[in-house]
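Please open the structure in a viewer and keep the sequence at hand. The tour begins in the interior and then moves outward to the whole chain.

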Amino acid sequence: MSSDRLFEAHLEQDLGMDSMKIIELLEEVEEHFGFSIADEDLAHLRTVHDLWSAIEKNTATSQA
């Protein structure tokens with residue numbers, strides 16, 4: 001899978017992640033980066049790109 005395709009990959013449909021795996025992934029991301037992803041962002045996390053955007057948004061906020 002090319003990096004562009006991976007970026008647009010759907011967490012459930014393309015990567016086969018169930019809701020428990022997605023929760024585990026989000027916990028790892030939050031622990032690694034030291035922030036919590038806002039509930040309004042969680043509602044929109046469907047692709048790798050969505051997750052990346054949430055990480056960028058939160059790291060920019062935490063650095064400000």
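Begin by selecting L11, M17, I22, L26, V29, F35, I37, L45, L51, A54 and I55: these eleven residues form the largest nonpolar core of this predicted model. Next, colour α2 (19–33) and α4 (48–63), the elements that each contribute two or more residues to this core. Such an arrangement has a general background: nonpolar side chains in soluble globular proteins tend to be buried together.

Within the core, centre the view on L45. Leaving aside residues up to four places away in sequence, L45 touches L11, L26, D50, L51 and A54. Of these neighbours, L11, L26, L51 and A54 also belong to the core.

Now switch to a cartoon of the complete protein. Four helices appear and zero strands, so that the order from the N terminus reads α-α-α-α. Of the contacts with a separation of 6 or more, 44% join residues 24 or more positions apart.

What radius of gyration does the protein have, and what would a compact globule of 64 residues have? The protein has 12 Å, which agrees with the value near 11 Å for such a globule. A box drawn around the C-alpha atoms along the principal axes is roughly 35 × 25 × 20 Å.

Finally, display the surface. About 4700 Å² is exposed, with carbon and sulfur atoms supplying 51% of it, while buried residues make up 25% of the 64 residues. Colouring by charge reveals 4 positive and 15 negative side chains, and the centres of these two sets lie 5 Å apart.

Key. Residues are numbered from 1 along each chain as its sequence is written. This is a predicted model: local features need pLDDT of at least 70, side-chain atom pairs count only at pLDDT 80 or more; totals for chains, interfaces and linings use all residues. Side-chain values use heavy atoms; hydrogens and water are left out. The radius of gyration is taken over C-alpha atoms; the globule rule is 2.2 Å times the number of residues to the power 0.38. Buried means under 20% relative accessible area, exposed over 50%, partly exposed in between (1.4 Å probe, protein chains only). Contact means heavy atoms within 4.5 Å. Accessible areas come from the Shrake-Rupley method with a 1.4 Å probe; for residues, only the protein chains shown count as cover. Lys and Arg count as positive and Asp and Glu as negative; His and the chain ends are not counted. The place of a charge is taken as NZ of Lys, CZ of Arg, CG of Asp or CD of Glu. A nonpolar core is a set of buried Ala, Val, Leu, Ile, Met, Phe, Trp, Tyr and Cys residues joined through side-chain atoms within 4.5 Å.
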